[in-house]
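Here are a few exercises to work through with the model open in your viewer. Try each task yourself before reading its solution.

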Amino acid sequence: MTTDQLITQIPKELCYKKIFNNSNLNKVLVHDDGTYECETDFLHPNETEKGKKISEELEWGIVEKYYLEEKLQIIKVVSDSKGNFVNEEIINSNTETAFEENLNANEHIEVRGLNEEFISLMVNEIFRPYGRSSSNTLPLNIAKSIILHASHIFKNEPNMTHLNNEHSNQTITVIGDVHGQFKNVKGIFHIFGKVSQEHVYIFNGDFVDRGIYSCEITFLLYCLKIVFPKNIFINRGNHESLIMSTVYGFKRETLRKYNNTLFELFQDSFQSLPLCVCVNNDYLIMHGGLMSNPETSLDEILEVNRFSEPGNVGLFHDLLWTDPTDETDDLGPSKRGLGFSFGKSITSAFLKFNNLKKIIRSHELKEHGIDYSHDKQLITVFSAPNYCGFHGNKGAVLHIKPNKGVKNILNDDANLEFETFI
Ligand SMILES: [Mn+2]
């Protein structure tokens with residue numbers, strides 16, 4: 001039986017579905033004296049650093065001015081050839097300095113003062129239509145420096161990060177394609193919880209294109225990466241590339257909201273993104289799928305030079321592009337006309353060769369957001385419900401929480417739990 005047939009047999013409380021009501025999000029209560037409260041905030045308890053409610057202390061305009069002109073500082077950091085700190089220089093964020101053009105290889109940009117409160121301000125007021133900010137976009141220098149700071153963090157990560165939550169209460173949640181559907185990304189954090197020390201998120205590629213809020217999603221994910229570098233990981237998808245994001249909407253969106261310099265900086269950041277995460281030495285997570293030779297080691301994945309476009313063939317390309325197939329056990333044609341598809345024997349052989357339990361990947365629309373295939377050795381997670389506004393599919397997330405998973409007719413693994421949402 002297929003996933004779609006099986007999932008309908010799961011009792012409702014197991015295949016549980018929370019309905020995310022967007023009308024409750026970001027509702028701002030404006031008092032007569034002009035101060036405000038966020039009734040449902042995004043990522044923080046609506047308090048200033050001193051612990052006082054914003055509404056008691058500051059008018060909205062002052063909060064925005066405080067962050068954008070004072071609190072956030074753009075710093076150029078200079079390191080020596082071994083990466084050790086040498087010195088730093090504050091760049092004034094108010095002026096339109098072309099700082100990124102002047103960066104040498106031993107220099108990078110950091111945004112200081114970026115915290116959860118700023119993220120909430122950005123999401124609730126700047127990015128929200130009818131938010132109280134005078135603009136729906138970030139000031140250009142802030143936008144540039146967020147991308148540059150995040151890129152610097154990505155560049156220093158390996159192609160594949162190893163995570164382990166076997167001996168902790170930490171949940172690791174895998175999110176599949178979200179494709180510019182910002183409302184759903186906010187919904188994911190509302191429903192399943194914030195990024196925190198206890199809750200690590202893996203965004204498994206294809207967060208841009210198709211939907212029209214790719215810039216907002218990228219800035220949110222990059223800001224979270226800056227604030228919680230060890231609690232959110234972002235794998236590159238096939239859409240985080242120059243060709244795809246030029247054709248499928250992200251370029252047009254970026255030019256409309258910002259400019260071509262920003263688009264180029266986004267491309268540089270995409271070329272810095274890692275390719276995989278391996279959890280508990282059991283689960284390998286990548287956007288697309290496996291390579292043609294199942295006797296490819298994890299060390300070979302670590303050796304790929306990923307700081308470029310993925311090309312049309314080879315390991316780098318395959319990790320971002322391939323799909324599983326049930327039509328053949330071995331290798332089959334690609335339904336995308338690019339590369340190949342891989343059958344069950346490839347998956348089995350790869351898992352055995354690398355002593356892994358399952359492959360977790362995204363990249364394909366699934367009616368229920370989740371699919372178990374290849375004798376349940378391979379899981380597809382797709383997290384854009386009602387994809388493109390008309391597919392009518394659910395979205396799903398997959399939690400990795402050792403011995404606290406939820407087994408059912410579909411999920412055979414006590415360390416995993418999937419949840420679906422619309
Ligand atoms: Mn994809």
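The exercises below concern a predicted model, and each is followed by a worked solution.

**Exercise 1. Two packed helices**

Task: Work out how helix α5 and helix α10 are oriented to each other, and which residues make the contact.

Solution:
- Start with the geometry. Helix α5 spans residues 140–155 and helix α10 spans residues 260–272; they pack at an angle of about 15°, and their axes are 8 Å apart.
- Now classify the angle. Angles under 35 degrees count as roughly parallel, and therefore α5 and α10 are roughly parallel to each other.
- Add the handedness: α5 and α10 cross in a left-handed way.
- Next, list the contact. From α5 come Ala143, Lys144, Ile147, Leu148, Ala150, Ser151, Phe154 and Lys155, while α10 supplies Leu262, Leu265, Phe266, Asp268, Ser269 and Ser272.
- Finally, sort by class: the contact of α5 with α10 holds eight nonpolar, three polar and three charged residues.

**Exercise 2. A covered helix and its partner**

Task: Find how many residues of helix α4 are buried, then describe how α4 packs with helix α7.

Solution:
- Begin with burial. Helix α4 (residues 116–126) is mostly covered, with 10 of its 11 residues buried. Among the buried residues are Phe118, Leu121, Asn124 and Glu125.
- Turn to the packing. The angle between α4 and helix α7 (residues 214–227) is about 175°, and their axes lie 10 Å apart.
- Because an angle over 145 degrees counts as roughly antiparallel, α4 is roughly antiparallel to α7.
- Identify the contact: Glu116, Ile119, Met122 and Val123 of α4 meet Phe219, Leu220, Cys223, Leu224 and Val227 of α7.
- Check the classes. The contact of α4 with α7 has eight nonpolar residues, no polar ones and one charged.
- Link this back to burial: Glu116, Ile119, Met122 and Val123 of α4 are also buried.

**Exercise 3. A sheet and its edge**

Task: Trace the strand order of the open sheet of six strands, then follow the pairing of β7 with β11.

Solution:
- Read the order across the sheet: β7-β11-β12-β16-β18-β17, with mixed pairing.
- Mark the edges, which are β7 (160–163) and β17 (370–373), each pairing on one side only.
- Note the twist: neighbouring strands of this sheet are turned by 20° against each other on average, direction ignored.
- Go to the β7 edge. β7 and strand β11 (residues 276–279) run parallel and are joined by four bridges.
- End with one residue pair: methionine 160 has cysteine 276 in β11 as its bridge partner.

Methods: Residues are numbered from 1 along each chain as its sequence is written. This is a predicted model: local features need pLDDT of at least 70, side-chain atom pairs count only at pLDDT 80 or more; totals for chains, interfaces and linings use all residues. Axes are lines fitted to C-alpha atoms, for helices over the stretch in contact, and angles run from 0 to 180 degrees between N-to-C directions. Angles under 35 degrees count as roughly parallel, over 145 as roughly antiparallel, 65 to 115 as roughly perpendicular and the rest as oblique. A crossing is left-handed if the near helix is turned anticlockwise from the far one by less than a right angle, and right-handed if clockwise. Two residues are in contact if their C-beta atoms, placed from the backbone, lie within 7 Å. Ala, Val, Leu, Ile, Met, Phe, Trp, Tyr, Cys and Pro count as nonpolar, Asp, Glu, Lys and Arg as charged, and the others, Gly among them, as polar. A residue is buried if 20 or more other C-beta atoms lie within 10 Å of its own, exposed if 12 or fewer, and partly exposed in between; C-beta atoms are placed from the backbone. Two strands pair if DSSP finds at least two bridges between them.
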